[in-house]
Amino acid sequence: MKYIYDFSFLTSKIHNWFLAHCSSGWTILWEMVIVGLCAITLFVVLGLIFVYMERKVAAFMQFRLGPNRVGPKGTLQAVADTVKLLMKEGFTPQAADMFLFNLAPFIVLSVSMLALAPLPFAKGLQIYDINIGVFYISAVSSISVIGILIAGWASNNKYSLLGAMRSGAQIVSYELSAGLSVIAIVAFAGSMSLSDIVESQRTGWWIFKGHIPAVIAFVIFIIAGTAELNRAPFDMAEAESELTGGFHTEYTGMRFAMFFLAEYVNMFVVCAIGATLFLGGWMPLHFGNLSGFNHIMDYVPPFVWFFGKTFFLVWVIMWFRWTFPRLRIDQLLTLEWKYLMPISLVNMIIVAFVVIMKWHF
Amino acid sequence: MIDKEEIEDLTQAHEEDFILNVGPQHPSTHGVLRLKIKLQGETVTHIEPHLGYIHRSIEKMCEASSYRNFIYLTSRMDYLSAHMNNQACAMVVEKGLQLEIPKRAKVIRILMSELTRLASHQLWWACTGLDLGATTPFFVGFRDREVILDIFDETCGSRLTMDYNVPGGIMFDIHPNFQKNVHAFLKGFKKNLPEYHQLLTGNVIFQNRTKGVGYLSPEDTISFGCSGPTARGSGVSCDIRKWQPYDGYEDVQFNEVLETAGDCYARYLVRMREMEESVKIIEQLIDNIPEGDFQAKTKAVLKLPKGEFYSRVETARGELGVYLVSDGTSKPYRMKFRSPNFSNLSALREIAVGGKIGDLVANMAMLDLVIPDIDR
Amino acid sequence: MTNEELKIFISAHTPEVVFEESQFLNTTISFDKLYSLAKHLRTNPDADFDYLFCLSGVDWKDHMLVVYHLTSRKHKHNVVLKAKITDRVNPEVHTVCDIWKTAELHEREVYDLFGIKFTEHPDLRRLFLDDTWGFPLRKDYKDDVTIVQL
Amino acid sequence: MKFLIEYIGTIFKSLGSLWNGMRLTLYYFFHPKEIHTQQYPDNRDTLTLGERFRGEVVMPHDENNEHKCTGCTSCELACPNGTIKILYKNVVDETTGKKKKAIDEFVYHLGMCTFCNLCIIACPTDAIKMSHDFEHSTFDRKSLTKILNKPGSKLMKGVE
């Protein structure tokens, strides 16, 4: 039972078992292999779950049923789609730059995989507890734009190029306000390590503890995060009705599936960060002195809390997507540079003030 | 096949010109319209429509078929206003025969026209949402349209190309359930219409996308021959139902919807309010369908006297004119369809040049182009 | 203006026209006189035909017609101009593009389907068909491949 | 200052309008009963089509394998696009012993049909009607050319 509440028992057990059987160098190697396999499995499972979830959420918002033929309630639809994509021909256009065209999906995919590293999934379950976790994630996640730019350029297609350029402008802009809103929480918690930030929310989540500035930062983070994910209403890079498919117009089969998967895993990463920073990560919902309530909440395992919060944020982002029309590219940049950016700067100053005056809980 | 001029055109293009083919297969051209656009970054600097991908030469086909038959070819022009197209053709034949159709047929024709208009505008609204990137409006629009199509299915026998008009009236009498179903539809639609506004009209993103985009001045509107909601959005009164009332529209109380802003948002509002007007018209008539024949007596083989006949109707997209030249035989000598989309398309260059690609898509959505109507 | 007044008005500008009344007032005119009359009808404030709502071609075997349906929004009167072209090999008529902008596409359509050239048209090209195609709406058009006689 | 108030006002107004739309999708998300789609191949048995629905042209035969088509070609003439073609044969009338024209094959090209209902209206003997079958897809185009009269069928007595 204790394994569910604290994974450090399990991880230390595995670690000790390896140490007992082989040298420390081999131990690290084997652990890396196990972690890698776990990450890839998580990746694929998340991709399948999110595709199914997106289709179901969209369907219910549009008074439809969504997939309901393959498997019970259509749960195997995503698997069937994956098999279909695997069997499809991986087509490379003749005029495309072969090497870069094939490289781009791998860059995008591996970048979103890298961002999984510092995420605390549950108590004691973290791949790499780096002390600059927040900084690492914002650094790594901006590499994915390079993959998209390469994809757009190497396709040798005008739609792809336009989509890639839009994506470049968009991600570079929205990195700013996303970073600034993250800094607000870093200032509150006084640490860049994600595990420390989670630990600092033992008494309450930052969105409750941090007064209005934290709420503003949260809203900005969600908006900027949606924009960084290239999802509607900010899906300028794909913009189906304008650019047919944007940067992945020319991609088929599994290479298209990689972009697709990367999009969903990116969504998971962004929402996981949002949940970790603002909603307490794997910390249960605690209210100040209500010890009875807090005690009941403690019975829910931490990883359930983490995934629950993440999936809630994912659902919110899906809710956006299936409600709003798309912005125009100049309005998109106007929104960032004239609204989100100044607000988050002002917000950051307020946060600094609050932290110095110790007004937060 | 690339024609000669196009090659010249492309070779004359500057090195830095970015020429993009929008269509013929493109999600927002609603069919097979091909636009060759020149881009400066994201800004559209030149638009050239290339037509003919779905040209079936309906005018030539009409010359080979009898006066009873050619009506049904025209359902395939503007398939969203199929009833009005058929009506225009039936009217031009009736004009030639100097046939007065029974009152009941007229009222049913109006009812069907207005239901078609509603269905068409609902589909337009649905697709507008889709063009601007919102997917849910598509299903909201189709939900209500489905009810109308079921009504058509019951009374006319088919859903989209209803083929309900014949020279001299309508093909058969309305279904006994017709009035009941229309009442049920009106009740549901009136309840649902605020949802349309809730989802799209008030949305700040939508307003930013459409307000001030694609301005068309009233002078240009007239000069380009625009009609329908496109022209009425610029404040140009051009409703044929008011100008030259046909088939009993003169007895119906309704307002011609006019907006003066001339941008995409104005065209949007015109169509939204037109839906309300159509509901009003249907409400006036649905309980007052006069008794009597639904079809005037006609000969088996129709022969029109020598001469020229012209009939105009207001379809969901604007003025449809049917110009018939008869040489006295049982087949038309020359048919010409003045289709609303063809003229509206010529205004596209005026309104979309200088905007972004996103504006081009919004403009095309608000012109509500149906490509088979342009190509015929 | 009523049809009678229109007749007087048009005759005053171009005497050699033939009138015929059907649904609208039909005015048949030689193709070389058309442009000046059209311009006159558009610019003269008494006529003010600002809306060209239909432009079509008709092939009457011995001659061809380009038919212009005009209406005035202000005065609410209609007139039909018919430019008569007797030369079937090289039919030509002056464009009215600069008078009504809508004519640009309509004239391209007529050129495409009838082969009537509109001189000084800014962009006269085939609209629907490709360059090697004949002119299908002419009555002497033959196409054994595409047209199936039933 | 006025600018600042306007600026903040725009933000709240925009957020309000966005929330307005989100409320609607939220409502439908939590009311999954209001499903409007049909589960088409599953509901084949319960599918109701209007009685005037135009599926395809069929020629009803009675239990004696007799139909009502006299072969007057009204439908063939009425068809806008040559969908119907009637082929004749000569038969000997049983009672009078005279030679008579009767239909050999009533050929119907489903692929060309636009379902305009003109042939049904034109038919003086109500020999053909529209069926409710709408699943026309086949793997071979040839199967779209149908012969409507059954082999060995005859003209019903009393129909001229």
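**Reading a sheet, its packing and the chain contacts**

Tutor: Strand 7 of chain B is a suitable place to begin, since this strand is mostly covered, with nine of its nine residues buried. Please keep in mind throughout that the model is predicted.

Student: In which order do the strands of the sheet in chain B stand, and is the pairing parallel or antiparallel?

Tutor: The general idea is to list the strands by neighbour. Here three strands of chain B form an open sheet in the order 6-7-8, and the pairing is antiparallel.

Student: Why is one side of strand 6 and of strand 8 of chain B left without a neighbour in the sheet?

Tutor: Strand 6 (307-315) and strand 8 (334-338) of chain B are at the edges and each has a single partner strand, so one side of each lacks a neighbour in the sheet. As for the twist, neighbouring strands of this sheet are turned by 15 degrees against each other on average, with direction ignored.

Student: How many bridges join strand 6 of chain B to strand 7 of chain B, and how many residues does the hairpin between these strands run through?

Tutor: Strand 6 and strand 7 of chain B run antiparallel and are joined by nine bridges. The hairpin that joins strand 6 to strand 7 of chain B passes through two residues. On the other side, strand 7 (residues 318-326) pairs with strand 8 of chain B in the antiparallel sense over five bridges.

Student: Which residues can I follow across the sheet, beginning with the bridge partner of B:S311 in strand 7 of chain B?

Tutor: B:S311 has B:V322 of strand 7 of chain B as its bridge partner. B:V322 in turn has B:F337 of strand 8 of chain B as a bridge partner. Another pair to inspect is B:Y323, which stands opposite B:K336 in strand 8 of chain B. When viewing such pairs, recall that side chains in a regular strand alternate between the two faces of the sheet.

Student: Which helix of chain B packs on the sheet, and which strands does that helix touch?

Tutor: Helix 3 (residues 82-97) of chain B packs on the sheet and touches strand 6 and strand 7 of chain B. The direction of helix 3 makes about 150 degrees with that of strand 6 of chain B.

Student: Is B:V93 buried or exposed, and which residues is B:V93 in contact with beyond its neighbours within four places in sequence?

Tutor: B:V93 is found in helix 3 of chain B. A residue counts as buried if 20 or more other C-beta atoms lie within 10 Å of its own; B:V93 has 26 such atoms, so B:V93 is buried. Leaving aside neighbours within four places in sequence, B:V93 is in contact with B:Y67, B:P167, B:L302 and B:L304. Sequence and space should both be consulted: B:V93 and B:T116 are 23 residues apart in sequence, and 22 Å apart in space, C-alpha to C-alpha.

Student: Let us turn to chain A. At what angle do helix 3 and helix 4 of chain A pack, and is their crossing left-handed or right-handed?

Tutor: A helix pair is read by angle, axis distance and handedness. Helix 3 (residues 24-61) and helix 4 (residues 77-87) of chain A pack at about 115 degrees, their axes being 8 Å apart. The crossing of these two helices of chain A is right-handed. At the contact, A:L48, A:V51 and A:Y52 of helix 3 meet A:Q77, A:A78 and A:V79 of helix 4. By class, this contact has five nonpolar, one polar and no charged residues.

Student: Where does A:K73 lie, and why is A:K73 called partly exposed?

Tutor: A:K73 lies in the loop between helix 3 and helix 4 of chain A. The partly exposed class lies between the limits of 12 or fewer and 20 or more atoms; A:K73 has 14 other C-beta atoms within 10 Å, so A:K73 is partly exposed.

Student: How many residues are in contact between chain A and chain B, and between chain C and chain B?

Tutor: The size of an interface is often given as the accessible area lost when the parts come together. Here one may read residue counts: 22 residues of chain A are in contact with 26 residues of chain B. Helix 12 (240-243) and helix 16 (329-357) of chain A each give two or more residues to this side. The other contact takes 25 residues from chain C and 30 residues from chain B. Strand 3 of chain C gives the most to the side that touches chain B, with six residues.

Definitions and conventions: Residues are numbered from 1 along each chain as its sequence is written. Chains are lettered from A and ligands numbered from 1 in the order in which they are written. This is a predicted model: local features need pLDDT of at least 70, side-chain atom pairs count only at pLDDT 80 or more; totals for chains, interfaces and linings use all residues. Two residues are in contact if their C-beta atoms, placed from the backbone, lie within 7 Å. Helices (H or I, at least four residues) and strands (E, at least two) are DSSP runs, numbered from the N terminus. Axes are lines fitted to C-alpha atoms, for helices over the stretch in contact, and angles run from 0 to 180 degrees between N-to-C directions. A crossing is left-handed if the near helix is turned anticlockwise from the far one by less than a right angle, and right-handed if clockwise. Ala, Val, Leu, Ile, Met, Phe, Trp, Tyr, Cys and Pro count as nonpolar, Asp, Glu, Lys and Arg as charged, and the others, Gly among them, as polar. Two strands pair if DSSP finds at least two bridges between them.
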